Amino acid sequence: MPSYSPTEVAAQYATERHLRTRIQTHERYSVGPGLEATVDRLLALNGDEAVLDVGTGPGDFPGRLRAGGHRGRIVGLDFSAGMVARASEQYPAVEFLQGDAAALPFPDATFDVVTARHMLYHVPDVAAALAEFKRVLKPGGHFLAVTNAAGYMAELWEAVAEALPDESRFADIRGSRQSFATAFSEMSGVDQVRQTFGNADTEFLESVLVFPEPEPVLAYLNSIPAIQQLPDLDRENALSRLRRTLTARTQGGAWRVSKRVVFISARRQE
Ligand SMILES: C[S@@+](CC[C@H](N)C(=O)[O-])C[C@H]1O[C@@H](n2cnc3c(N)ncnc32)[C@H](O)[C@@H]1O
């Protein structure tokens, strides 16, 4: 089940603003092993591969590869024209294109590596996107999906459910747990990848966000579409109720929110 309709996904990612808030929250408050080191180890790039990053957002991953000396072709593709414009501005040495994961604008067997990082939970037809990833990979090419595992940030969503327990106007906020956590996780994702590629390997990364105070958690929550879309008064009401709950949670100065990420790798065999 996709987390949002294509129109909602387009609105959510029209610009990098809200996504950037969430990325920065992870950068500032994460403790434990970093995601990028695992990506690098699993991809084991030699620097000459042609790489496609689908759902690239503001292009940080392709930008990092190029800055690290990658010589091969690197393409970042995103559904959002705003993201593509921002990515091109930030990382002019990378090729960025607007496009849909389920209809990739490339000939068969173009890339050695295709990555889809934190994006498949937004795609309405995951099987179609996976078939496209396989089609554009060269035989022997490597596909890597990165996504949230089931139970991702469970403590945060439990606090949200406690702060906003029953009113229907806040149902979408409580329901956002599904979109961010489980729409494409190891529970459904591994089988789907295996069905397409005939093989799939998984690896998990456990880390934790440690929040000293409510503000960064409120900023994170305020970036999600279900809160952004509320009328002003409802949003203020939701945020003040969340603030009360989060103030209690962070009283000890180090509220821990666990996050478990899954890496799903596959090879195009023929
Ligand atoms: C959560 S962001 C992840 C961005 C980046 N990969 C990262 O890990 O920071 C999801 C991105 O996927 C893009 N996206 C959603 N559906 C897509 C689709 N069908 N085809 C291509 N991109 C899509 C969104 O526009 C958004 O930029």
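Below is a short exchange about the ligand and its pocket in this structure.

Me: What kind of model is this, and which features count?
Reply: This is a predicted model, in which local features need pLDDT of at least 70, side-chain atom pairs count only at pLDDT 80 or more, and totals for chains, interfaces and linings use all residues. Residues are numbered from 1 along each chain as its sequence is written, and side-chain values use heavy atoms, with hydrogens and water left out.

Me: What makes the pair between Asp78 and the ligand a polar contact?
Reply: A polar contact is a pair of N or O atoms within 3.5 Å, and an N or O atom in the side chain of Asp78 is 2.6 Å from an oxygen atom of the ligand, so this pair qualifies. A polar side-chain atom of Asp100 lies 3.0 Å from a nitrogen atom of the ligand, while for Phe79 a backbone N or O atom lies 3.2 Å from a ligand nitrogen.

Me: Why is the ligand said to sit in the largest pocket?
Reply: A molecule sits in a pocket if more than half of its atoms lie within 2 Å of the pocket's grid points, and the ligand is assigned to the largest pocket because it meets that condition.

Me: Which residues of the shell around the ligand count as nonpolar, and how many are there?
Reply: Ala, Val, Leu, Ile, Met, Phe, Trp, Tyr, Cys and Pro count as nonpolar, Asp, Glu, Lys and Arg as charged, and the others, Gly among them, as polar; by this division the shell has 10 nonpolar, 7 polar and 3 charged residues.

Me: Which helix gives the most to the lining of the largest pocket?
Reply: Helix 2 does, with 5 residues, and this helix spans 17–29.

Key
A polar contact is a pair of N or O atoms within 3.5 Å; within protein, one must be able to donate a hydrogen and the other to accept it, and residues adjacent in sequence count only if both atoms are side-chain atoms. On a 1 Å grid over the protein atoms alone, a cavity is a set of points where a 1.4 Å probe fits but cannot get out, and a pocket is an open set with protein on both sides within 12 Å along at least five of seven lines; lining residues have an atom within 4 Å of a point. Helices (H or I, at least four residues) and strands (E, at least two) are DSSP runs, numbered from the N terminus.
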